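Please study the sequence and the three-dimensional structure shown below. Then work through the exercises in order.

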Amino acid sequence: MDTFQSKSAPRIPAPPPRTKTQSNPKPALVLNMVEQILKYQAHPLNRTELLKELASRDLVIGGYNPSKVLGTTLWRARDRFVSIPQFGYWFAGRAYPPANYFPNGQFGADYD
């Protein structure tokens, strides 16, 4: 009587668990720094420009896609910042006439 013996493939060990190599700064710190940067620059900045400005202030955002990490942080703070197409991130409550951005429909108002 023949017995069937199956040959299983050799076991491949599982990869080691991912470890965090660097933790990102707290969102509150990032948001406060973005606020300072935008006040200093006095115009909207895109994520690449903001990342460069943050890094120049020794605030580095890591991760697989730092731009997305920053974008998510800013999106979660949409009460403070808004993304203006073709211009970049700006204060949610402050008008930016060159982009025709006037919060609350108040055209021509200056927000500080």
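The exercises that follow concern a predicted model.

**Exercise 1.** Determine which residues line the largest pocket and how they divide by character.

*Solution.* Step 1: The largest pocket has a volume of about 150 Å³. Step 2: Its lining consists of Asn24, Pro25, Lys26, Pro27, Val30, Leu31, Ile61, Val69, Thr72, Thr73 and Arg76. Step 3: Two elements, helix H1 (27-41) and helix H3 (66-76), give two or more residues each to this lining. Step 4: H3 contributes the most, with four residues. Step 5: Sorted by character, the lining residues comprise six nonpolar, three polar and two charged.

**Exercise 2.** Locate Ala42, and decide whether Ala42 is buried or exposed.

*Solution.* Step 1: Ala42 is not a glycine, yet has a positive phi of about 65 degrees. Step 2: Ala42 is placed in the loop between H1 and helix H2 (47-56). Step 3: A residue counts as exposed when its relative accessible area is over 50%. Step 4: Ala42 has a relative accessible area of 51% and is therefore exposed.

**Exercise 3.** Carry out the analysis for Gln86: where is Gln86 placed, and is Gln86 buried or exposed?

*Solution.* Step 1: Gln86 has a positive phi of about 65 degrees, although Gln86 is not a glycine. Step 2: The loop between strand E1 (81-84) and strand E2 (88-91) holds Gln86. Step 3: The relative accessible area of Gln86 is 80%, so Gln86 is exposed.

Terms used
Residues are numbered from 1 along each chain as its sequence is written. This is a predicted model: local features need pLDDT of at least 70, side-chain atom pairs count only at pLDDT 80 or more; totals for chains, interfaces and linings use all residues. Side-chain values use heavy atoms; hydrogens and water are left out. On a 1 Å grid over the protein atoms alone, a cavity is a set of points where a 1.4 Å probe fits but cannot get out, and a pocket is an open set with protein on both sides within 12 Å along at least five of seven lines; lining residues have an atom within 4 Å of a point. Grid points are joined across faces, edges and corners, and a volume is the space filled by probe spheres set on the points. Ala, Val, Leu, Ile, Met, Phe, Trp, Tyr, Cys and Pro count as nonpolar, Asp, Glu, Lys and Arg as charged, and the others, Gly among them, as polar. Buried means under 20% relative accessible area, exposed over 50%, partly exposed in between (1.4 Å probe, protein chains only).
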